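User: I'm new to this structure and would like a close look at one helix and its surroundings. Could you walk me through that part in plain language?

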Amino acid sequence: MAKRMLKERVFEVGAIDWDRLIFDELIPLPNGTSYNSYLIFGSEKVALIDTVDPLKRDVLFANLKDAEVEKIDYVIANHAEQDHSGSIPFVLEKFPEAKVVTNEKCKSFLMDLLLIPEEKFIVIGDGEEISLGDKHLKFFLTPWVHWPETMSTYLIEDKILFSCDFFGSHRATSHLFVHDNYKVIEEAKRYYAEIMMPFRAQIRKNLEKLSKIEIQMIAPSHGPVYPEPEIIIDAYKNWISDRVEKKILIPYVSMHGSTESIVNYLVDRFVEAKIEVIPLNLPKTDIGVLTMELVDASTVIFGAPYVLAGAHPAVVYAAYLANALRPKTKFISIVGSYGWGGKGVDQIKSLLSNVKAEFVDPVLIKGHPKENDFEMLDMLADKIIEKNSNL
Ligand code: FEO
């Protein structure tokens with residue numbers, strides 16, 4: 001790796017992590033990720049915006065050497081999570097004159113998480129600026145993208161927004177700039193789905209705040225840089241809106257084929273009705289696909305066989321995750337097969353208290369579906385089709 005130039009005296013010096021498969025031990029990363037760090041040379045001061053995961057600090061230091069950095073005055077911490085902040089202590093060790101510039105909340109996190117001493121910080125407030133000489137940085141508090149302390153840094157003269165996780169995509173690519181809009185928006189959607197979706201209201205406020213400045217480039221701390229910021233801003237506006245797609249998700253598990261028969265029957269009905277339907281066989285599905293589809297699906301039907309006197313744990317996990325993500329789903333239902341009873345429907349329903357959706361009567365079938373059961377499934381399908389048609 002080597003430094004890569006965004007604009008005159010503005011460089012990306014972070015690390016690409018081609019091999020990382022999972023984040024937070026939760027989020028699958030099918031395309032790796034990057035930890036972008038940005039180096040800005042003003043006529044008087046040098047600033048480093050965010051660092052890298054500490055496992056990749058050698059790459060950061062090699063790139064700083066390549067950039068012939070002799071001093072760093074300011075390390076800007078937009079976010080305290082360790083994939084961006086974790087190398088700050090190593091940077092402070094190598095550049096002892098550097099100060100960490102961040103907001104009060106982030107300072108508190110960094111002191112707790114990384115044991116950085118208080119005297120190392122310069123605390124800034126919303127809208128404050130610092131001068132690098134002929135370049136100036138302005139700070140905007142953009143909380144809950146995705147922690148309460150997150151902020152964005154704006155390089156006034158070059159009109160670049162350094163947004164950290166906000167607008168980012170988990171994507172390892174040798175391209176510094178976005179060159180394939182569709183792919184990067186898919187990856188950004190996956191990232192939004194997995195960590196930002198619960199905070200739609202706060203994201204709306206952050207977008208409003210940032211709409212007041214002229215942004216010519218967005219440089220996030222994961223994935224490529226956006227030279228056309230409107231593509232990602234428009235995508236975010238769509239994701240946080242109240243609009244849903246006529247799209248039916250069916251996350252399901254089937255142990256011996258009965259629940260699968262139920263799901264297949266419903267899928268055929270929705271296909272006939274020309275409504276998009278996505279069955280997700282949970283043990284075989286990347287859970288990130290479920291989160292992405294939850295961003296804008298109108299309907300979720302959980303397909304759960306009973307096991308151990310309750311709903312299958314894989315569906316319980318999917319329901320728990322969906323609830324934590326607070327999607328804008330409008331309609332929810334449950335189907336499944338049981339052998340001798342249980343409380344699976346109540347279990348799943350109780351896990352979905354954060355999802356403000358209409359609950360459509362479930363259909364539980366003893367064993368494999370029979371003629372009468374298909375009539376009940378038809379009634380459920382008719383209701384879901386009607387509700388989607390009226391959206
Ligand atoms: Fe990329 Fe919230 O860290």
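Analyst: Let's start with helix α12, residues 371-389. Helices here are DSSP runs of H or I with at least four residues, strands are runs of E with at least two, and both are numbered from the N terminus. With 19 residues at 1.5 Å a residue, α12 should span 27 Å, and its end C-alpha atoms are indeed 27 Å apart, so the two agree. The expected span is 1.5 Å times one less than the number of residues.

A word on what you're looking at: this is a predicted model, where local features need pLDDT of at least 70 and side-chain atom pairs count only at pLDDT 80 or more, while totals for chains, interfaces and linings use all residues. Residues are numbered from 1 along each chain as its sequence is written, and side-chain values use heavy atoms, with hydrogens and water left out.

Which residues of α12 are buried? They are Asp 373, Leu 377, Leu 380, Ala 381, Ile 384, Ile 385 and Asn 388. Seen down the axis of α12, these buried residues fall within an arc of 135°, so they line one face of the helix. That arc is taken from the directions from the helix axis to the C-beta atoms. The general background is that an α-helix has 3.6 residues a turn, so residues three or four places apart point the same way. On the other side of α12, Glu 371, Asn 372 and Met 379 are exposed. Buried means under 20% relative accessible area, exposed means over 50%, and partly exposed is in between (1.4 Å probe, protein chains only).

What do the buried residues of α12 pack against? Their partners are the strands β17 (245-252), β19 (297-303), β22 (331-338) and β24 (363-366), plus the helix α8 (258-272). Contact here means heavy atoms within 4.5 Å.

Now for α8 itself. The axes of α8 and α12 come within 10 Å and cross at roughly 40°. That makes α8 oblique to α12. For reference, angles under 35 degrees count as roughly parallel, over 145 as roughly antiparallel, 65 to 115 as roughly perpendicular, and the rest as oblique. The axes are lines fitted to C-alpha atoms, for helices over the stretch in contact, with angles from 0 to 180 degrees between N-to-C directions. α8 passes α12 in a right-handed crossing, meaning that the near helix is turned clockwise from the far one by less than a right angle (anticlockwise would be left-handed).

The residues that meet are Ile 262, Tyr 265, Leu 266, Arg 269 and Phe 270 on the α8 side. From α12 come Phe 374, Leu 377, Asp 378, Leu 380, Ala 381, Asp 382, Ile 384 and Ile 385. Leu 377, Leu 380, Ala 381, Ile 384 and Ile 385 are also among the buried residues of α12.

Follow the chain on from α8 and there's a detail to spot. Lys 274 sits in the loop between α8 and β18 (276-281). Its phi is positive, about 60°, although Lys 274 is not a glycine. As a rule, most residues other than glycine have a negative phi. Is Lys 274 buried or exposed? At 76% relative accessibility, Lys 274 counts as exposed.
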